[in-house]
Amino acid sequence: MLKEAWTSAVDSLKSTSDGAAVGILNQCAYRGEMDNGITVGVSGDFAINYIKKNLLPRMQSLLKERSGRDIALTFLVDPSLVPAADVQHDLFGTTDIEKKRHRSSLNEHYTFDNYISGKNNDYVVAVAMRVAKSPGTQDNPFFFHGGVGLGKTHLLQAIGNYIIANDPAKKVIYIGGGAFLTEFVDSLNSRNANRFRKKYSTPDILLLDDIQQLQKAVQTSKELFEIYQTLEQHGRQMVFVSDRPPKELENLDERLRNRFEKNVIGRIEPPLYETRLAIIRTKLDELSTDIDGSIIEYLAQNISTDVRKIEGALKSYIARRDLMNVTLSLEECIDAGVFNDYCTTSGIAAASPKDVLRAVAKVLSVPADVILGKDRTRTVSYARHLAVYLALTLSNRSTTEIGAEFNRDHSSVVHARHTIIAMMREKTHVAEDIERIKNVLSGRTA
């Protein structure tokens with residue numbers, strides 16, 4: 001019973017974790033039951049410390065869900081679980097692709113095939129693909145950066161997965177900055193610094209994620225520079241990822257920053273509307289389900305800065321639909337606040353109804369006083385309905401407050417919202433107009 005609960009919990013944890021965590025979990029194994037829990041074999045002290053620091057609460061929660069009670073976990077070092085790549089490097093190239101991917105700490109789901117490319121990231125994707133096809137040549141090192149939830153880790157690991165699939169003899173290491181720091185500190189405490197340096201100075205490809213986590217770790221960044229030099233001298237490929245450009249990595253070894261700035265630097269921007277639509281449809285395919293088109297467009301319009309939030313919003317809607325056995329319309333979702341925790345505003349800071357009115361007037365070339373008036377021609381009515389809809393969406397004010405701002409009663413405000421939602425189901429230009437209006441509100445051109 002507990003073994004099945006452990007296996008199910010670990011599988012679930014792997015599906016929602018990054019590559020570093022997946023690599024650690026692949027070095028764990030069920031070793032038996034205790035009075036109040038189970039014993040888990042782990043490859044070494046570093047893996048145990050990583051689990052306790054990063055995975056233990058979720059692991060215990062998943063075990064409780066599957067067993068119906070709290071499960072005590074005891075971790076024991078089991079040398080047989082140490083990846084063969086760390087024990088005997090000359091055998092590394094003889095392993096199959098699946099084992100090698102795990103030893104590289106890569107998540108098999110992160111590939112170029114399921115990474116959505118658009119104007120926001122096409123240059124970075126092109127360089128990443130060139131690196132994957134010809135590692136250690138012209139784009140070395142490759143440094144790219146971008147905000148939270150824009151797919152940086154996915155793209156970084158796609159490079160590693162592509163290389164392993166096409167050249168199994170290559171040794172690839174993927175690691176996050178936090179894990180790299182922890183492992184280095186542990187190597188100093190256990191007096192194994194030479195082993196640490198050898199491990200990271202020998203791969204054909206080093207993929208280092210979240211390097212910003214090293215910017216205040218002076219000794220670790222100096223060690224990384226030494227590793228960098230060794231890899232560079234041997235023509236080994238390096239790819240570094242950060243949430244900010246090199247010039248903003250304060251206290252990182254200056255020699256590293258200089259090396260980054262002398263080579264290719266790419267920036268991933270938030271995805272544009274069309275790309276967000278493609279991301280949503282891809283996620284729905286992965287989840288083997290579908291939802292109403294108006295909800296898809298609403299999410300694409302209102303979640304613009306973090307791809308992870310798109311997935312979260314979809315899962316929240318689907319869970320509510322499946323658990324409660326009810327399919328909410330877009331209007332019902334808005335009224336119930338289903339997406340409030342996920343929606344962003346494209347950099348729009350507390351847009352007031354007056355801000356929205358001015359932006360709509362500019363984009364649609366309809367004067368603000370005309371929108372507020374009684375003209376009922378098609379063009380003016382559309383502008384008015386759109387302004388009311390966006391004011392409701394962006395200002396978080398009640399229908400009564402919005403009505404007062406637009407000289408309309410409650411029923412007119414509700415009618416305007418229903419009208420725009422209905423138009424979104426049928427007319428793509430509505431989504432395009434909304435995107436242009438939001439661009440004006442966030443300071444970009446119309």
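The expected span of a helix is taken as 1.5 Å times one less than its number of residues. Keep that in mind for helix α8 in this predicted model: residues 177-189 make 13 residues, and the stretch from first C-alpha to last reaches 19 Å, close to the 18 Å expected.

So much for length; now for what surrounds the helix. The buried residues of α8 are Gly-177, Ala-179, Phe-180, Thr-182, Glu-183, Phe-184 and Ser-187, a list that has Glu-183 in it alongside two phenylalanines. Their cover includes helices α3 (45-67), α9 (193-201) and α10 (218-233), along with strands β5 (172-176) and β6 (205-209). Past the end of α8 you'll meet Arg-191, whose phi is positive, near 60°.

Helix α3 leads us on to a sheet. This one is open and has three strands in the order β1-β2-β3, with mixed pairing. Its edges are β1 (28-33) and β3 (72-77), each of which pairs on one side only. On average, neighbouring strands here are turned by 30° against each other, direction ignored. Strands of a sheet pair through backbone hydrogen bonds, either parallel or antiparallel. For β1 and β2 (residues 37-42), the sense is antiparallel, over five bridges, and Glu-33 stands opposite Ile-38 in β2.

Two helices pack on this sheet. Helix α1 (residues 2-15) touches β1, β2 and β3, and its direction makes about 160° with that of β1. Helix α3 also touches β1, β2 and β3, with its direction at about 160° to that of β3.

Next, the nonpolar cores. In soluble globular proteins, nonpolar side chains tend to be buried together. The largest nonpolar core here has 57 residues, and the members touching the most others are Leu-299, Phe-339, Val-360, Leu-386 and Leu-390. Elements giving two or more residues to this core include α12 (273-286), α13 (293-302), α14 (307-324), α16 (353-364) and α20 (410-426). The largest share, 11 residues, comes from α18, the helix that spans 378-395.

Which residues are in contact with Leu-386, leaving aside its neighbours within four places in sequence? They are Leu-364, Ile-420, Val-430, Asp-433, Ile-434 and Ile-437. Asp-433 is the acidic entry in that set.

A second, separate core has 49 residues, including Leu-13, Ala-21, Ile-48 and Phe-184. That brings us back to the start, as Phe-184 is also one of the buried residues of α8.

Key:
Residues numbered from 1 in each chain as written. Predicted model: local features only at pLDDT ≥ 70, side-chain atom pairs only at ≥ 80, totals over all residues. Heavy atoms only, no water. Helix = DSSP H or I, 4+ residues; strand = E, 2+ residues; numbered from the N terminus. Buried < 20%, exposed > 50% of the residue type's maximum accessible area, 1.4 Å probe, protein only. Contact = heavy atoms within 4.5 Å. Pairing = 2+ DSSP bridges. Axes fitted to C-alpha atoms, helices over the stretch in contact; angles between N-to-C directions. Core = buried A, V, L, I, M, F, W, Y, C linked by side-chain atoms within 4.5 Å.
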